[in-house]
Amino acid sequence: MQAQLPIAVLGAGPVGLAAAAHLLQRGLTPLVFEAGASVGANLASYRQVRLFSPWQYNIDRAARALLDAHGWEAPAEDLLPTAGDLIDDYLAPLAALPALAPQLRLRHRVLAIARAGIDKVKTSGRELAPFVIRTDTPEGVREFQAAAVIDATGTWSQPNPMGANGLPALGEDDCQAQITYGMPDIQGTARARYAGKRVLVVGAGHSAAGNLIALATLADEAPGTSIVWAVRGASLARTFGGGEADQLPARGLLGTRLQALQASGKLEVHRNFRIQAVRPLAGKLQVQAEAGVDPITEIDEIVVATGARPDLIMAQELRLRLDPWLESTDALAPLIDPNLHSCGSVRPHGHRELAHPEPGYYAVGAKSYGRAPNFLMATGYEQVRSVVAALAGDMAAADDVQLELPETGVCVTRPLTEDAPAAGGCCGSPSPAPASCCGGPAPEPASACCVKDADLQAAGKGTCGSRTGTCA
Ligand SMILES: Cc1cc2nc3c(=O)[nH]c(=O)nc-3n(C[C@H](O)[C@H](O)[C@H](O)COP(=O)(O)OP(=O)(O)OC[C@H]3O[C@@H](n4cnc5c(N)ncnc54)[C@H](O)[C@@H]3O)c2cc1C
């Protein structure tokens, strides 16, 4: 590593800023590039949303130490912040610290990363060449050099389109005036846009659930508001979640509230609705699935909450090993594949799992999960602690990864066909509903996501970590 060069941190979200804190704590120099005009720019797009993890999971340890040294008043551990609180009460004070503020480059969107004077094909001398970070800034395109790169640019700024096949639905680009992605402030700044309208929500994750609940509250106050919900699958069980078995009660409550809403008949639900096209018709939108399925008609507004995907273009001159379909870091994929897992835990992992064939480049945070859902900040904080320890040469600390995540209470890996919350054990085997339905994260040497998965593998009874779809 070129000792005199800084370590580039891409993205000033919670995980990027935590990486910067760990670098400072180890006497290394971060240089943080953030596309937005302020830190936490992705969180800012859903400021109004109350997070489901309380403060105890949301503050990185190195960041806390830096803040504490400057007389910071920490929020109560058990309170649930909104995304805006997370910015105002934690990220902004962190970014303003005298050690960190000069290292922050706001309005610096990273366009590309490469190695100085060396393209992707050349091997000789590669690990000695500094990284080049090309950024779009208010002063034009500028390049910076760095000894290593910690890429924490997340995925939220690249929302998935509404087409069921992963492409924009036919006509989606032309209907943008009536389509929003993510989590608009339905009860606040965007209220007028949705009040009294027929609104379609697309998606089956936590964001879709939050949008539907916000619309239902609006509908109680604004007559004429009606809510339509389209999902690709047959079952709503994963969206309804683990209820009281969820180790994050607020996350469990989100699903429970949605399930009650659906039972109340206030939602027009379209299951197995795989969107192919959206067409304007007399000022409204008509949304079409495959032939033989009735279209959804008379829609005024669409909110697409179908997840997000990482920006892979910026790193295309680097040698990356990504999972073919999740686009996550390859080693993590078997542990987080939503085709197989729903428990929300992941076994402890650090710099080794996060490394790529490109020495010195690490994708961390939400980006490390690629298109997989259920990423938690707490995972990212342990990731950057390990990565920074490795960059500092402290391999003992780097390899000592500790991570215990709150499970969703949905511990099932087979496709679900019914709406009942999945109380089954790993691989769908019946089990009582213990406090930890999957038994917690798997021990470190196991190639499994959770204890039940590891036990199955050890007993030679198949695995829910298998990506072949076989489950004993
Ligand atoms: C609605 C919602 C609710 C959530 N609730 C929780 C919760 O309760 N608890 C929890 O742990 N997690 C929650 N999450 C997950 C949460 O997104 C992540 O845990 C967290 O934000 C990930 O942090 P990050 O730093 O990896 O990425 P992000 O927060 O997405 O930050 C990425 C940063 O990189 C910047 N950036 C992007 N591209 C570039 C570029 N090209 N150049 C420079 N900068 C760039 C962005 O502007 C942003 O500031 C929630 C997510 C959503 C969407």
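In the predicted model, the largest cavity has a volume of about 80 Å³. Fourteen residues line this cavity, and those closest to its centre are Leu312, Leu322, Tyr361, Ala363 and Lys367. In total, the structure holds two cavities of 30 Å³ or more. Rolling a probe the size of a water molecule over the atoms shows where such empty space is left.

The chain in which these cavities lie comprises 472 residues, 53% of which count as buried. Its secondary structure consists of 14 helices and 16 strands. Among the contacts in the chain with a separation of 6 or more, 69% are made by residues 24 or more positions apart.

Open space was also examined. The second largest pocket encloses about 300 Å³. Its lining is made up of 15 residues, and Ile59, Arg61, Ala378, Tyr381 and Glu382 lie nearest the centre of the pocket. Two or more lining residues are given by each of helix H3 (55–58), H4 and helix H12 (377–391). Of the elements concerned, H12 gives the most to the lining of this pocket, with four residues.

Helix H4, one of the elements that line the second largest pocket, spans residues 61–68, and its buried residues are Ala62, Ala63, Leu66 and Leu67. Viewed down the axis of H4, these buried residues fall within an arc of 135°, and therefore line one face of the helix. The cover over the buried residues of H4 includes helix H1 (14–25) and helix H5 (83–95). A polar contact is found at the start of H4, where a side-chain oxygen of Asp60 comes to within 3.0 Å of the backbone nitrogen of Ala62. Ala62 is thus named twice in the description of this helix, as one of its buried residues and as the residue whose backbone nitrogen is reached by Asp60.

Among the strands, E5 (residues 131–137) and E6 (residues 140–146) run antiparallel and are joined by seven bridges. The connection from E5 to E6 is a hairpin of two residues. Within this pair of strands, Val132 stands opposite Gln145 in E6.

Two individual positions were considered in further detail. Glu353 is located in helix H11, which covers residues 351–354. With a relative accessible area of 15%, Glu353 is buried, because this value is under the 20% limit. The side chain of Glu353 reaches the backbone nitrogen of Gly350 at 2.9 Å.

The second position, Gly243, is placed in the loop between helix H8 (237–240) and helix H9 (249–263). Gly243 likewise counts as buried, since its relative accessibility is 16% and the limit is 20%. When neighbours within four places in sequence are left aside, Gly243 is in contact with Gly252 and Thr256. Gly243 and Leu254 are separated by 11 residues in sequence, and their C-alpha atoms lie 8.2 Å apart in space.

Conventions: Residues numbered from 1 in each chain as written. Predicted model: local features only at pLDDT ≥ 70, side-chain atom pairs only at ≥ 80, totals over all residues. Heavy atoms only, no water. Pairing = 2+ DSSP bridges. Buried < 20%, exposed > 50% of the residue type's maximum accessible area, 1.4 Å probe, protein only. Arc of directions from axis to C-beta. Contact = heavy atoms within 4.5 Å. Polar contact = N/O pair within 3.5 Å; in protein donor to acceptor, adjacent residues only side chain to side chain. 1 Å grid on protein atoms, 1.4 Å probe; cavity = no way out; pocket = protein on both sides within 12 Å on 5 of 7 lines; lining within 4 Å. Points joined across faces, edges and corners; volume = space filled by probe spheres on them.
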